[in-house]
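Colleague: Hi, have you got a minute to walk me through this one? I have a few quick questions.

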Amino acid sequence: MADIQEILIDDTAIAEKVREIAARISADYAGKELVLICILKGAAVFTADLMRHLSIPVTVEFVQAASYGASTTSSKKISVEKYGEIDISGKHALFVDTIIDTGETMAVLFSAFAGRGPASLKAVTLLDKRSRRTANVSIGYSGFEIPDKFVVGYGMDYEEKHRNLPYIAVIKTTR
Ligand code: IMP
Ligand code: MG
């Protein structure tokens, strides 16, 4: 594909990591009431894979978080949509995202849900661009730490494209 620069993580490596994370979550939440909260759109693919590898009962909810502004950097204006009716009171809530960059999106979500009386509130991410973190959020489960490069595929987009790629790739951009 023309604007793909290099494959960073192939489908086999992703699948292996998803299984590993799912095993850890299954062990940690055994006997607890777990709610996965998928952060649309980017986490749709990861959530679908992750939930199918959990060996414990789970429910799934969806929120939409969007930062408006530049397309390859996260702007700090983050809006959360479609979360009005989600009830996490007394339950163990786990946000699912494919990538944590500055952490600002996750910080906004944590503060939006913290007051809803969850038994616990954590996050799982497949990719972590730790060097870019500006928000003070603690991530419960993180798959791969990656360098500060803009990636697409496995649910992640550049201008809404490439979400369908089964691997994670670095894209050619002029960041
Ligand atoms: P944060 O608020 O800076 O942590 O940004 C998190 C969100 O930005 C993710 O949920 C993605 O939607 C998007 N994002 C951050 N880095 C990338 C990337 O390299 N590729 C695609 N989307 C990204
Ligand atoms: Mg995006």
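Modeller: Sure, let's begin with H162, which sits in the loop between strand 8 and strand 9. Strands here are DSSP runs (E, at least two residues) and helices are DSSP runs too (H or I, at least four), numbered from the N terminus.

Colleague: Before we go on, what kind of model is this?

Modeller: This is a predicted model, where local features need pLDDT of at least 70, side-chain atom pairs count only at pLDDT 80 or more, and totals for chains, interfaces and linings use all residues. Residues are numbered from 1 along each chain as written, chains are lettered from A and ligands numbered from 1 in written order, and side-chain values use heavy atoms, without hydrogens and water.

Colleague: Thanks. Is H162 buried or exposed?

Modeller: H162 counts as buried because its relative accessibility is 9%. The cut-offs are under 20% for buried, over 50% for exposed and partly exposed in between, with a 1.4 Å probe and protein chains only. H162 also has a positive phi of about 80°, although it is not a glycine.

Colleague: And what about the phi of E160?

Modeller: That phi is near 70°, again positive in a residue other than glycine. E160 is in the loop between strand 8 and strand 9, and it counts as partly exposed because its relative accessibility is 45%. Most residues other than glycine have a negative phi, and most peptide bonds are trans.

Colleague: Where does K41 come in?

Modeller: K41 lies in the loop between strand 2 (34–40) and helix 2 (44–52). The peptide bond from L40 to K41 is cis, with omega near -5°.

Colleague: Switching to the sheet: in which order do the 3 strands run?

Modeller: The order is 1-9-8, in an open sheet with antiparallel pairing. Two strands pair if DSSP finds at least two bridges between them. Strand 1 and strand 9 (residues 168–171) share 4 bridges, and I9 has I168 as its bridge partner in strand 9.

Colleague: Now the ligand. Which residues are closest to ligand 1?

Modeller: D97, T102, G103, T105 and V151 are the closest of the 15 residues around ligand 1, counting a residue if one of its heavy atoms lies within 4 Å.

Colleague: What does K129 do there?

Modeller: An N or O atom in the K129 side chain is 2.9 Å from an oxygen atom of ligand 1. A polar backbone atom of V151 is 2.5 Å from a nitrogen atom of ligand 1.

Key. Polar contact = N/O pair within 3.5 Å; in protein donor to acceptor, adjacent residues only side chain to side chain.
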